[in-house]
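Hello,

Here is the structure I promised to pass on. Please have it open while you read; my notes follow below.

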Amino acid sequence: MEHPIGLSIRKGTKVYPGTVALNAADFDLHMGAVNVLVGENGAGKSTMMKVISGVEQLTSGAILIGDEQVTFRTTEDARRHGIGIVFQELNLFPNLTVAENIFIAREKTRSGIDIDKAAQRARTRALMERLEQDIDPDDLVGDLRVGQQQIVEIAKSLAHDARILILDEPTSALSAAEVEILFRVIADLKSNGVGIVYISHRLEELIRIGDYITVLRDGVITGARSMHGVDVDWIVRNMIGESGKDFAKEIDHPFGEEVFRAEHVSLGSPAGGLLVDDVSLSLKHGEILGIYGLMGAGRSEFLECVIGRHPQARGKFFVDGVALTEKTVAGRISRGLALIPEDRKNDGLIEILAIRENMTLSSLKQFTRGIYMSLAKERRTVADFITRMTVKIASPENPISSLSGGNQQKVVISKALMTEPSVLLMDEPSRGIDIGAKAEVFKVMRSLAAEGLGIIFVTSDLDEVMSLSDRILVMSNGRVTGEFPRETATNTALVEASAVGHAKPTRHKEPV
Amino acid sequence: MADQTLTKPFATRSDALLFLLQARTFIALILVFTFFAINAPNFLSAANMVIMSKHVALNAFLAIGMTFVIVSGGIDLSVGSIVGLCGMVAGYLVLNGIDVGLGWSIQFNTFEICLLVIAVGVFIGAINGFLITKLNVAPFIATLGTLYVARGAAMLSSDGRTFPNLNGNPEYGSDTFRWIGAGEILGVPVSIVMLIAVGLMAAYIATRTPLGRHIYAVGGNERAAALSGIKVNRTKYFVYIFSGFCAALVGLIISSQLVAAHPATGNTFELNAIAAAVLGGTSMSGGRGRIGGTIIGAFVIGVLSDGLVMMGVSSFWQTVIKGLVIIAAVVIDQAQQRVQARVALQAQSAIDN
């Protein structure tokens, strides 16, 4: 069966300050088929979808529908061309009902005056039937489970008769049963001629559902073909490349005694179930432990348990063999733990404050005698860290928001290091920073480990975890599903361990 | 090098603009002051200066406390009521002492009265802190609640009547109560000396102590502050307690100045305090503001209203003018933020390339 091309990108390039997110990409979107898009975080998948859906505009290159070149200045422009997108981060209003959310900004009205609630409700009910969901149109979205919210988001696109539907990691929050329903809906849409773009990190899932596959790496398309004969190995090879990026791994040093141990750590989720499920691990002085897993595997939550953000978490922690009884973040920092959070903007930085003030926030005691805080000493220490971490700044008094992502990350790392920790917890340390800054951050991690610091870092980047870690743990659904020393770890083994407990790959493919 | 000489004049022009914007409250104060010096008779007389600074001091105390609260990302609407309640407590103690119900009562000297009144202000501040941190009530609502409760309590304390003739009793050592409002230290009114002391203390806390830095951090980004090991709740407790403390001082000073305590005293004082803080460059969204700016802001408001009175402008017009000044201040503040961000970004991109 032939699938006509509904939309294509030619020589699409998108430049952000400091990085090229998409580099001369050629992409064809087949109608009546599932076009799968795969690549590591930051490979350019989301950028490409943002361009198609009008959130961002190409720096150069063209988007074609048929033979006609189109420009989408706004998401509304794209919607008029029949393009709907379900973002990974849900764009819903928790304070409004399901029906109100679905028709937001395009309310059905009675002769343009008031909202025709009955019509909206009826349409919503029909959509929910089609999606086989028992969700009442009058339920508040905030009361729904995340999986159901995702269904609402999908219904929103369906309500506007999208001809092209982009799904960015739609299954990351869905249960196995909900995934099956979603796949049935996708098959249904396909037979109606809708072109679907499907982004996911779950490779087995992609192979099962996809008709065409496009692999991206560092903004470049490294493979595009029909799904016939594609296997996990082929995808991984194209995602990572044969050579692998070279991160500073030259220093080899002996490990010391155990510096940190976690025993039976569990954290309940507000929706029921466990976000972190009985995780135990141990870390030696000078060791870098990488935790690999998919988004939502419970890795960040585990690190947050360690630093004391979730007082209700169960489990025991030991630093240098001594039990950690402190409950507060401040207490745990004083015991030598330090966290570099994943979400720099919301958890790592205080954007309104100066670079200097951000850097010393955790360690002001160092500069204080009684009620006297030495600003001179503070300035000296900051200057010292700026040199050590090679942070490029005009002045330490400028607001932190004036810095690029890489330099901001270096400030956050400096803040953590200033507390003189013995265990450093790093959540996605390379997120949102360019390749040069990445290499510098990794070099810093290596040399810190060589000084005897124990480092636990979380990443969804296979290449990063393989080349940077001394030992690798894989988490899936809140549990540790694999442990590998660096020597024996393989990409395939890690990917398989990271999918344990998810919707079982049936290997069954629908005839195309 | 050529590059540098090219960018230099531009950079300095931006810098000059930035300086003007930053000093805007001070410039406004000078303009307002000069205007009234020329147009209002007797404005510059020594007697007027003393009276005016006493007026300003009352608002400035509240505004200093308010600045900490707003910088921490909150708001304290209860300060006006705390002023009223503390005034009543002071009046009651001066007149009656505490009746223990055994046919005799405990009487206090001035110093003890001051301590007790301050304790009341601190206690209400602590209740605000408790509601906001432990019970998770939004600051606006929590302090709105204590506003009513404290005002009601002030009314109840005297059935709405005034406590008159707070002259004290030499036998109990409370005859010095009037000194707080009327006395002088080295020719300077006591309330001004107290304002200088509290102002310096607050400025020191804000700029030179970890506590001060924590207040700014909590207001800037509470989540990041907590993850950095800052004790967020303790910081919030402090700001509301400090605000209550400042309000208690004002209650003492007013009842001493008037030699009487009326339960409606301090009505809408909280709004003037917020206005002074905002005029001084405090951001309502938290994380930004300076004590010095706030004090200048309080002077702008005080000079403006006293000057207009002396010029015989109707109080209705005064209210309109005050409102316009506040709006103008916030609009200029936005402009300053934009220029500041641009200057920083320019400097940074020069480094990055």
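Which residues lie nearest the centre of the second largest pocket, and how many residues line this pocket? Keep in mind that this is a predicted model.

**The second largest pocket**

The lining has 41 residues. Nearest the centre lie A:Ile352, B:Gln22, B:Arg288, B:Arg290 and B:Gln340. The pocket holds about 1300 Å³ of space.

Several helices build the lining. From chain A, helix 12 (355-359) supplies at least two residues. From chain B, helix 1 (2-22), helix 2 (24-39), helix 8, helix 9, helix 13 (291-310) and helix 14 each do so as well. Helix 14 of chain B gives the largest share, eight residues. By class, the lining of this pocket splits into 17 nonpolar, 16 polar and eight charged residues.

**The interface of chains A and B**

On the chain B side, 29 residues are in contact with 36 residues of chain A. The two chains bury about 2600 Å² between them. Carbon and sulfur atoms give 60% of that area. Within chain B, the residues that lose the most area to chain A are B:Arg208, B:Arg213 and B:Leu227. Together they make up 28% of what the chain B side buries.

Next, the polar side of this interface. There are three salt bridges between chain B and chain A. In one salt bridge, the side chain of B:Arg213 meets that of A:Glu378, at 2.7 Å from N to O. B:Arg213 is thus worth a look on two counts: the area lost to chain A and the salt bridge. Nine residue pairs are in polar contact across the interface, counting pairs with both residues at pLDDT 80 or more.

Four helices of chain B each supply at least two residues of the side that touches chain A: helix 8 (190-208), helix 9 (210-220), helix 10 (222-227) and helix 14 (315-352). The residues of that side comprise 13 nonpolar, 10 polar and six charged. Helices 8, 9 and 14 of chain B also appear in the pocket lining above.

**Cavities**

Four cavities of 30 Å³ or more turn up. The largest cavity has a volume of about 110 Å³. Residues of chain A line this cavity, among them A:Val38, A:Glu40, A:His201, A:Met239, A:Tyr292 and A:Val495. Seven lining residues of the largest cavity are nonpolar, four are polar and one is charged.

Best wishes

Terms used
Residues numbered from 1 in each chain as written. Chains lettered and ligands numbered in written order. Predicted model: local features only at pLDDT ≥ 70, side-chain atom pairs only at ≥ 80, totals over all residues. Heavy atoms only, no water. Contact = heavy atoms within 4.5 Å. Buried area = accessible area lost by both parts, 1.4 Å probe. Salt bridge = Lys/Arg side-chain N within 4 Å of Asp/Glu carboxyl O. Polar contact = N/O pair within 3.5 Å; in protein donor to acceptor, adjacent residues only side chain to side chain. Nonpolar A, V, L, I, M, F, W, Y, C, P; charged D, E, K, R; others polar. 1 Å grid on protein atoms, 1.4 Å probe; cavity = no way out; pocket = protein on both sides within 12 Å on 5 of 7 lines; lining within 4 Å. Points joined across faces, edges and corners; volume = space filled by probe spheres on them.
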